[in-house]
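Reader: I would like a close look at a single strand of this model, taken together with its partners and its surroundings. Please go through it carefully, and say where the prediction calls for caution.

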Amino acid sequence: MFQTKFQGPLFTAYYSVGSRPLDNWAVQCKEGEMQQVLDDIIKSNVLQIQSPNVNSCFITCPLNSKGSLGVRLPFVTLLVKNLGRFFTFEITILDSENIRRRLRMSNYHSIKKLSTFMITMPICIDEGWNQLNLKLAEITNQSFNTIYVETVRIQVHANCRLRRIYFSDQLYKDDELPNAYRMLGTKDAREKPKSMLKKKAAVVDKKSAGDQ
């Protein structure tokens, strides 16, 4: 999808501001609701995804189920708001063995689960807005002992408010980012305490843009 486009140090896959933010995304919501709302904290339009069943309401990119985003940048960041309910999202990557692997994050699992084609990792998200940073190359190497090549697909499920999803060549401090990429005044998102886990938790960095 974006293989032939210049991706630069920052590449946005989703941004909630604009007339048609879901142009490149497929929407499925069999149970629940999905709508643009004005968030009272950041004073901006965001996408709200809500459902009693996280698997029945989500957005996914690219539109073509057999297509690929083709984004080669090794870090992905999601700016999301915790709605105090179950939440999950999934990144599908292509690795050096030409195999598509799924990296699934959720706030309702307590242990990491690994299989040949998928890893499920628990995360704990604070109240309010959070910045979630995933080290895709590191997760791929540690989980499957292969090399990250590119991101094939992104899928964001209920329940959350979503402002932006972007890829980057490295993790940037807040004052190094353009204003539109910052999330001032947000709280931290953190990994679940090790005492709550039976196995090592996900390689997921969470930081507050407001703490920079």
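Author: Since this is a predicted model, a word on confidence comes before the close look: pLDDT is the predictor's confidence in each residue, on a scale from 0 to 100. The mean pLDDT of the chain is 87, and 83% of its residues reach 70 or more. Over residues 193-203, however, the pLDDT is below 50, although this stretch has 19 contacts in the model beyond near neighbours in sequence. The pLDDT is also below 50 over residues 208-212, a stretch with 16 such contacts. Where pLDDT is low, the predicted coordinates should not be read in detail.

As a setting for the strand, the secondary structure of the chain comes to one helix and 16 strands, and buried residues make up 53% of the 212 residues. Of the contacts with a separation of 6 or more, 73% are between residues 24 or more positions apart.

The part chosen here is strand 7, residues 88-95, which is largely enclosed by the rest of the structure, because eight of its eight residues are buried. In a regular strand the side chains alternate between the two faces of the sheet. In strand 7, T88, E90, T92 and L94 point one way, while F89, I91, I93 and D95 point the other way, and all of them are buried.

Strand 7 has pairing partners that include strand 8, residues 100-106, to which it is joined by seven bridges in an antiparallel arrangement; within this pairing, I93 has R101 as its bridge partner. The two strands form a hairpin with four residues between them. In that turn lies N98, which has a positive phi of about 60° although it is not a glycine. Most residues other than glycine have a negative phi, and most peptide bonds are trans. N98 has a relative accessible area of 61%, above the 50% cut-off, and therefore counts as exposed, in contrast to the buried residues of strand 7.

Strand 7 also pairs with strand 13, residues 148-157, again in the antiparallel sense and over seven bridges, and here the bridge partner of I91 is I154. Beyond strand 13, the loop leading to strand 14 holds N159, and the peptide bond from A158 to N159 is cis, with omega near 5°.

One residue of strand 7, F89, also has a place in the largest nonpolar core, which has 38 residues; F89, L103, I154, V156, L162, I165 and F167 are the ones that touch the most other members. The element that gives the most to this core is strand 14, residues 160-168, with four residues. Leaving aside residues up to four places away in sequence, F89 touches L78, L103, R104, M105, I123, L132, L134, Q155 and V156. In soluble globular proteins, nonpolar side chains tend to be buried together. A second, separate core of six residues includes V37, V46, W129 and M183.

To return to the strand itself, strand 7 is buried along its eight residues, and it pairs in the antiparallel sense with strand 8 and with strand 13, while its residue F89 is among those that touch the most other members of the largest nonpolar core.

Methods. Residues are numbered from 1 along each chain as its sequence is written. This is a predicted model: local features need pLDDT of at least 70, side-chain atom pairs count only at pLDDT 80 or more; totals for chains, interfaces and linings use all residues. Side-chain values use heavy atoms; hydrogens and water are left out. Contact means heavy atoms within 4.5 Å. Buried means under 20% relative accessible area, exposed over 50%, partly exposed in between (1.4 Å probe, protein chains only). Two strands pair if DSSP finds at least two bridges between them. A nonpolar core is a set of buried Ala, Val, Leu, Ile, Met, Phe, Trp, Tyr and Cys residues joined through side-chain atoms within 4.5 Å.
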